[in-house]
Amino acid sequence: MVRLLVTGGCGFIGSNFIRWLLADDPNVTVVNFDKLTYAGNPENLASVSESDRYDFRQGDISDRDSVDEVLKEFSIDSIVNFAAESHVDRSILDSTPFVHTNIGGTQVLIDSARTNGIDRFVQVSTDEVYGSLGDTGEFSEDTPLAPNSPYAASKTAADLLLRAAVHTHGFPGMITRCSNNYGPYQFPEKLIPLFISNALQHQPLPVYGDGTNVRDWIHVDDHCRGIAAVLRSGEPGDIFNFGGRSELSNIGLTRRLLELLDRPETLIRFVPDRPGHDKRYAIDCSRAEKMLGWKPLVSFEEGLKSTVDWYLQNSEWVDRVRSGAYREYYEEQYGDRLAGE
Ligand code: NAD
Ligand code: DAU
């Protein structure tokens, strides 16, 4: 039996990972360790909360005592670290929590994992560590690190701390770097769930700049399968890129969403750009294909349609997460942008 600690498991990817892994592998128990920030929602795990292979502990990965305690209490042997501040726009408004969790928290986890003799540690990183591409080319695992936002810089720092632990201490750590995820349970601050939920409420869709920035979209289930493959068969120091081979401009994606939702293009608003906005991401995931036998299985068409259907069927989930502090964030991020259009 693998005794796995998943950090940040109440967020978007972590909760999809836990549900998927418990169904996929009867030989794993999962302890979910999550601070429950604005992005952490225990409701995302309602379907597994009664499982005898699942436990939850609320805690902060930068609190060494709590991390030590949970590793000992459950005799944890493996860790997947999803816990992070994950939104680029929020890192531009205030980068402090990004440094605290993404850098400080990751180092605490590594230190505690080493002291407690953890066998395997997967750091869930991002393609944003590579910076931005022009019109051509793809990021490989050997692309130099050149992060552009405070979020990306904090994730890069965490990758380098993990690399140093592998080099210095022989720490059994691996890194995954994935492109933009989409799917159910994504917090509606990110492009796809924000635009779906705004469109459903007949609210404007704020497209940054001219909408020509390109992202490489991957369904969250494909990312989860990749992380599990690295957890099972990665070697210390390994780095694997994951991507969906589905490049699309933001404006192209926005039009597709409006079509699926049967809403008019008059909802589109071009608003002032994100400062330092990366132009294009594209992922070369051939190393994962060759070494892990992994490949993306969900086509963008089918994945986007099922994601839209999920948001249509879960309007109460959306209403609950769009209340309270979300409204304050929305006003701070979009108030002036939309007022000045
Ligand atoms: P999310 O914002 O939806 O969830 C983050 C989770 O971490 C939340 O449950 C939150 O409560 C928890 N958390 C935050 N600070 C914590 C702390 N100090 N201690 C414990 N828990 C804490 O994020 P997501 O989109 O699910 O991303 C998960 C991970 O995947 C992140 O590390 C992110 O950098 C990485 N990633 C995300 C994407 C994407 O497209 N969303 C792509 C590649 C990599
Ligand atoms: O590439 C992986 C990264 O993808 C992850 O590491 C991050 O955690 C995740 O948030 C995501 O980052 P992005 O900044 O690419 O995602 P976001 O959904 O915020 O934006 C996607 C694109 O859409 C980006 O070009 C900015 C644009 N955008 C976004 C929002 C929220 C808009 O035009 N308008 C918006 O309101």
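Biologist: To which strand does helix 5 run at about 155 degrees?
Modeller: Helix 5 spans residues 150-169 and lies across two strands. Here helices (H or I, at least four residues) and strands (E, at least two) are DSSP runs, numbered from the N terminus. Contact means heavy atoms within 4.5 Å, and angles run from 0 to 180 degrees between N-to-C directions of lines fitted to C-alpha atoms, for helices over the stretch in contact. Strand 6 is one of the two strands, and the angle of about 155 degrees is made with strand 5 (120-126).

Biologist: How are things numbered, and what is left out of the side-chain values?
Modeller: Residues are numbered from 1 along each chain as its sequence is written, while chains are lettered from A and ligands numbered from 1 in the order in which they are written. This is a predicted model, where local features need pLDDT of at least 70, side-chain atom pairs count only at pLDDT 80 or more, and totals for chains, interfaces and linings use all residues; side-chain values use heavy atoms and leave out hydrogens and water.

Biologist: What is the strand order of the open sheet of seven strands?
Modeller: Two strands pair if DSSP finds at least two bridges between them. The pairing in this sheet is parallel. Strand 3 (54-58) and strand 10 (239-242) each have a single partner strand, so they stand at the edges. The order is 3-2-1-4-5-6-10.

Biologist: Which residue in strand 10 is the bridge partner of Thr176?
Modeller: Strand 6 (residues 173-178) pairs with strand 10 in the parallel sense, over four bridges. For Thr176, the partner is Phe240.

Biologist: What angle does helix 1 make with strand 2?
Modeller: Neighbouring strands of the seven-stranded sheet are turned by 20 degrees against each other on average, direction ignored. Helix 1 (residues 12-24) packs on that sheet. It touches strands 1, 2, 3 and 4, and its direction makes an angle with that of strand 2 (28-34) of about 170 degrees.

Biologist: How much of ligand 1 does the protein bury?
Modeller: A polar side-chain atom of Lys155 lies 2.7 Å from an oxygen atom of ligand 1; a polar contact is a pair of N or O atoms within 3.5 Å. A backbone N or O atom of Thr37 lies 3.0 Å from an oxygen atom of ligand 1. Alone, the ligand exposes 830 Å² (Shrake-Rupley method, 1.4 Å probe). The protein buries 97% of that.

Biologist: Which element gives the most to the shell around ligand 1?
Modeller: 29 residues surround ligand 1, each with a heavy atom within 4 Å of it. Helix 1 and helix 5 are among the elements that give two or more residues. The most, three residues, come from strand 5.

Biologist: How much of the accessible area of ligand 2 does the protein cover?
Modeller: 26 residues surround ligand 2, with Asp127 and Arg274 among the closest. A polar side-chain atom of Asn180 lies 2.8 Å from an oxygen atom of this ligand, and a backbone N or O atom of Pro206 lies 2.8 Å from a nitrogen atom. On its own, ligand 2 has 680 Å² of accessible area, and the protein covers 95%.

Biologist: Which residue of strand 11 is the bridge partner of Val214?
Modeller: Three strands form an open sheet with mixed pairing, in the order 7-9-11. Strand 9 (residues 214-219) and strand 11 pair in the antiparallel sense over three bridges. The partner of Val214 is Ser249.

Key:
Polar contact = N/O pair within 3.5 Å; in protein donor to acceptor, adjacent residues only side chain to side chain.
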